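Here is a short report on one protein chain. Look over the sequence and the model first, then read on.

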Amino acid sequence: MMRNSGSTGVSPGASDIVPGVVAAVCFLVITFGLHFPLLVGGLLSAGVYFGLRLLMPSSAIEAFSKSDDLESVVARTVKESESLTPLLREKAVEVCNVASNLLHIAKTSETRATDIHFAVAEYMNVVRQGIGLYQDRSAATTSGPQSRAALEQMLDSVYQRLDALHDSIVHEDDSKTAREMDTLNRTVKDMDDVLIRVQRNGESE
């Protein structure tokens, strides 16, 4: 299954890198290339740095934007789950609730935003794929117990992982948070296998 494996957050200080590099290059060109005095070169390059810095959005603003985008994804997932069976819909809503709680934390904690955005984006992507496959199979035929069980397993797994991440962040357990992020890719890969089962079981039922 295709996934967006890129980070959805913004690392602290990322918006300082480009202005800093440009300012450094300008300083070298002005001072050594154009032979201006060091003081003049320093002042001009500082002006370049702060000028670019003001034009670029801060990492905090970018983090809020990412959070808003993911909130829309979560809201759409709740809407998409309305066609599921009551049990599956309840589990999907539980996943969305913990994802929403994590996104709220991301808005108030820039240092946590990168991990939260990445995890929520990856897991919600898998959930939406699972729901979509289940609904596609349902449109063609009546989904049997194997497809429902596979989707239920996926929703339970996503909830457990997001809930564990939420718990580690709330309790400021950095080592547990690191473990959760380390296991994220492996967990999503396992869930890809579940997606295949949802599709295959639906086709055979």
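The expected span of a helix is 1.5 Å times one less than its number of residues. Helices (H or I, at least four residues) and strands (E, at least two) are DSSP runs, numbered from the N terminus. This is a predicted model, in which local features need pLDDT of at least 70, side-chain atom pairs count only at pLDDT 80 or more, and totals for chains, interfaces and linings use all residues. Residues are numbered from 1 along each chain as its sequence is written, and side-chain values use heavy atoms, with hydrogens and water left out.

**Overall fold**

The protein has seven helices and zero strands. Its elements run α-α-α-α-α-α-α from the N terminus. Of its 205 residues, 38% are buried; the term means under 20% relative accessible area, with exposed over 50% and partly exposed in between (1.4 Å probe, protein chains only). Contact means heavy atoms within 4.5 Å. Among contacts with a separation of 6 or more, 81% join residues 24 or more positions apart.

**Two helices checked for length**

| Helix | Residues in helix | Expected span | Distance between end C-alpha atoms |
|---|---|---|---|
| Helix 4 | 23 residues | 33 Å | 34 Å |
| Helix 6 | 26 residues | 38 Å | 37 Å |

For helix 4, the end-to-end distance agrees with the span expected at 1.5 Å a residue. The distance for helix 6 (residues 145–170) agrees as well.

Both helices have buried positions. In helix 4 they include L88, K91, V95, C96 and A99. In helix 6 they include S147, M154, V158, L162 and L165.

**The nonpolar core**

A nonpolar core is a set of buried Ala, Val, Leu, Ile, Met, Phe, Trp, Tyr and Cys residues joined through side-chain atoms within 4.5 Å. The largest one here has 42 residues, and those with the most contacts inside it are I116, V120, Y123, M124, V158 and L162. Two or more residues each come from helix 3 (59–80), helix 4 (86–108), helix 5 (110–140), helix 6 and helix 7 (174–204). Helix 5 gives the most, with 13 residues. In soluble globular proteins, nonpolar side chains tend to be buried together.

What does M124 contact, leaving aside its neighbours within four places in sequence? The partners are V73, V74, T77, V95, C96 and A99.

**One cavity**

On a 1 Å grid over the protein atoms alone, a cavity is a set of points where a 1.4 Å probe fits but cannot get out; lining residues have an atom within 4 Å of a point. Grid points are joined across faces, edges and corners, and a volume is the space filled by probe spheres set on the points. A search of the whole structure finds one cavity of 30 Å³ or more. The largest cavity has a volume of about 30 Å³. Its lining consists of A119, Y123, R161, L165, E180, M181 and L184. Helix 7 gives the most to this lining, with three residues.

**Around the end of helix 6**

A164 lies in helix 6. A164 is buried, at a relative accessible area of 12%. Not counting residues up to four places away in sequence, A164 touches K176 and E180. The C-alpha atoms of A164 and E180 are 7.5 Å apart, although 16 residues separate the two along the chain.

E172 sits in the loop between helix 6 and helix 7. Is E172 buried or exposed? E172 is exposed, with a relative accessible area of 62%. Its phi is near 50°, a positive value in a residue other than glycine.

Key:
On a 1 Å grid over the protein atoms alone, a cavity is a set of points where a 1.4 Å probe fits but cannot get out, and a pocket is an open set with protein on both sides within 12 Å along at least five of seven lines; lining residues have an atom within 4 Å of a point.
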